[in-house]
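The following report describes selected local features of one protein model. The reader is invited to keep the sequence and the structure in view while reading.

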Amino acid sequence: MLKNPSSKYQPFPLIDLQNRQWPARHLTHAPIWCSVDLRDGNQALAVPMNVSQKLEMFDALVRCGFKEIEVGFPSASNTEFSFNRRLIEENRIPDDVTIQCLVQAREDLIEKTVQSLVGAKKVIIHMYNSTSPAQRRYVFGMSKEQIIGVAVRGAQMIKDRIHRLEVGGTRVTLQYSPESFSATEVEFAKEISEAVMDVWQPTPQRKMILNLPDTVEVAMPNVYADQIEWTCTNIKNRDALIVSLHTHNDRGTGTAATELGLLAGADRVEGTLFGNGERTGNLDIVQVAMNLYMHGISPGLDFSNMNALIAMYERTTGMTVPPRQPYAGELVFTAFSGSHQDAIKKGLAGYDAHKTIWDVPYLTIDPKDIGREYREVIRVNSQSGKGGVAYLLESEFGIELPKDMQREFGPLANDIVDKLGREVTAAELKDMFWKEYIEREQPYALHHFHADGVDGVFTCRSSIVVRGKERGVTGKGNGPIAAFVHALVNDAGAPAFEVATYREQSLSSGTEASALAFIQIKLDGGKTIWGAGVDTNIELASIKAVLSAVNRATE
Ligand code: KIV
Ligand code: ZN
């Protein structure tokens, strides 16, 4: 990189916008959405979609609620042309959905585009030509007047042909994009757009779409917003226009530019699912829609089954949704840090109790609203606290660790995870718990247990294996557990201890139900230690829990 980048790059000039309004506004409703997945998204794929992939995506976009869908560039290839024909001839376009086609301002291409649309109910013909100084100079070698001439001639060629669609009952809307608008002088973008308007003669009753693309992001999003507000304020017949935004993401601010552009007065937004598109991609429509949703504004698009949408997207495009992609990524409802996990757990419990406005820390929306599960919220790695460990054991396996036991097992689990150097699954966590507590048979293992009581005094006669050797033990107490503790200390040489806490739970329902017992013992010196046992019989589960604690204390 250059030590002095100003020798090669320059700042973007500010827009002279008097009495700027957009910073004080807020968004109150969703814009008109137009998906450009099948055109801008598709043209950026290493292997563009075939007709059946495009059909699958078209149907999915319709299910999401898109009412305007740019289906392709029908003059560009046979695949694109025949996709239009299949959509129309197989009657796949719902009555409330308008298909949009892109075309350059060239007669042969316009002619082919019109042919591809015959028989459709509602169409948008989208013509573009590039207007920025660099495009004028390097690509076309044309003056401003010549560039306007290209747009005006193209607009006229389209106008001359739309009656051929209209006689067949097709409702035609016209759209013009001064491509590379954000890198174009606002005065020139206005001039060329008004020249196209002079040909198409839009009215408030029959508007045209003026799409103002941020073809390549060249400035901060506030500058794009200024360009949009400047245009909305200065262009003639604003009420005959639907002003549309089309941002890309070169500086990583496509979403911000779109949101500020909406504040600045635009009515419509073009973008793609998950931001697929040329270079760094198009605007991710899911993000803008979900951002509205999290402020309580209905976006008019439905992403209730986000996982199915991602699967469709990955299947048809061959692209993947990154794990940190806002709203859609695999990790966006996951907290790795223990303090986050704890706050989320408390927030979810608080929300469940009141079910009012969503205010769970660290979660911008309820994952359930887009078909995600709470269990995705918490995973365990070396940074997780006891809360995360307990949450996973409970949510995945119904194991409800007593609070105090969480304080003992949490750090043990974290140590193991730390050594593994990776995140662990819930099943691995359960294994750790089983190894630490349940599968403890040294130095004491239960061989046989029997206890009965007379007048509140219980006698235990059991046999246990001590360091590989079986021996009979007896003891007395006010219950079976107390009698077993007595037998263990008296006859098997276990250190003196008493039972400090006892908890039991069942693990599953039905005849195979298992009982899980947790016992905390207190050794003579005051040290406490936990044990756990599992059995179909609750009495045996608690006896095993006693042995688990004693084994952990004597190892
Ligand atoms: O990015 C762009 O400018 C485009 C136009 C064709 C609208 O995709
Ligand atoms: Zn684009």
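A residue is called buried when its relative accessible area is under 20%. By that cut-off Y327 counts as buried, because its relative accessibility is 7%. The model discussed here is predicted, and the values below are computed from it.

**Backbone features in loops**

Y327 lies in the loop between α11 (306-317) and α12 (338-354). Its phi angle is near 70°, a positive value in a residue other than glycine. Q201 is a further residue other than glycine with a positive phi, in this case near 50°. The place of Q201 is in the loop between α7 (186-200) and β6.

Another backbone feature concerns a proline. The peptide bond that leads from Q442 to P443 is cis, with omega near 0°. P443 is found in the loop between α15 and β9 (444-448).

A glycine in a loop may be added to this group. G65 is located between α2 (51-64) and β2 (68-72). Is G65 buried or exposed? With a relative accessibility of 18%, G65 counts as buried, because the cut-off for buried residues is under 20%. Leaving aside residues up to four places away in sequence, G65 touches G300 and L301. The C-alpha atoms of G65 and P299 are 9.8 Å apart in space, although 234 residues separate the two in sequence.

**The zinc site**

Which protein atoms are the donors of the zinc ion (ligand 2)? They are the OD atom of D40 and the NE2 atoms of H246 and H248, at 2.0 to 2.2 Å from the ion. Along the sequence, the donor residues follow the spacing D-x205-H-x1-H. D40 belongs to helix α1 (residues 37-43) and H248 to the loop between β7 (241-247) and α9 (254-263), so this pair ties together parts that are 208 residues apart in sequence. D40 is buried, with a relative accessible area of 3%. H248 is buried as well, with a relative accessible area of 4%.

**The surroundings of D214**

D214 lies in strand β6 (residues 208-214). It is buried, with a relative accessible area of 3%. Apart from residues up to four places away in sequence, D214 touches S182, Y224, H246, T247, H248 and A257. Two of these contacts, H246 and H248, are among the donors of the zinc ion (ligand 2). D214 and T258 are 44 residues apart along the chain, and their C-alpha atoms are separated by 9.3 Å.

The relative accessibilities given so far are collected here.

| Residue | Relative accessibility |
|---|---|
| D40 | 3% |
| G65 | 18% |
| D214 | 3% |
| H248 | 4% |
| Y327 | 7% |

**The cavity**

How many cavities of 30 Å³ or more does a search of the whole structure find? The search finds one. The largest cavity holds about 30 Å³ of space. Its lining is made up of S182, D214, V218, A219, M220, V223, Y224 and Q227. D214 therefore appears again, and S182 and Y224, which line the cavity, are also contacts of D214. Helix α8 (residues 221-234) gives the most to this lining, with three residues. By class, the lining comprises five nonpolar, two polar and one charged residues.

**Aromatic pairs**

The structure holds eight aromatic pairs. One of them is formed by F409 and F433, which are arranged edge-to-face, with 5.3 Å from centre to centre and 85° between the planes. F409 lies in helix α14 (residues 403-420) and F433 in helix α15 (residues 426-438), so the pair ties together parts that are 24 residues apart in sequence. Both F409 and F433 are buried.

F433 also pairs with Y437. The centres of their rings are 4.9 Å apart and their planes stand at 35°, so this pair is tilted. F433 and Y437 are separated by about one helical turn, because they are four residues apart in helix α15. Y437 is buried, as F433 is. Ring pairs link F409, F433, W434 and Y437 into a cluster.

Methods
Residues are numbered from 1 along each chain as its sequence is written. Chains are lettered from A and ligands numbered from 1 in the order in which they are written. This is a predicted model: local features need pLDDT of at least 70, side-chain atom pairs count only at pLDDT 80 or more; totals for chains, interfaces and linings use all residues. Side-chain values use heavy atoms; hydrogens and water are left out. Helices (H or I, at least four residues) and strands (E, at least two) are DSSP runs, numbered from the N terminus. Buried means under 20% relative accessible area, exposed over 50%, partly exposed in between (1.4 Å probe, protein chains only). Contact means heavy atoms within 4.5 Å. Donors are N, O and S atoms within 2.8 Å of the metal (3.2 Å for Na, K and Ca); water is not among the atoms, so sites may look incomplete. On a 1 Å grid over the protein atoms alone, a cavity is a set of points where a 1.4 Å probe fits but cannot get out, and a pocket is an open set with protein on both sides within 12 Å along at least five of seven lines; lining residues have an atom within 4 Å of a point. Grid points are joined across faces, edges and corners, and a volume is the space filled by probe spheres set on the points. Ala, Val, Leu, Ile, Met, Phe, Trp, Tyr, Cys and Pro count as nonpolar, Asp, Glu, Lys and Arg as charged, and the others, Gly among them, as polar. Rings of Phe, Tyr and Trp (its six-membered ring) pair if their centres lie within 6.5 Å; planes under 30 degrees apart count as stacked, over 60 as edge-to-face and the rest as tilted.
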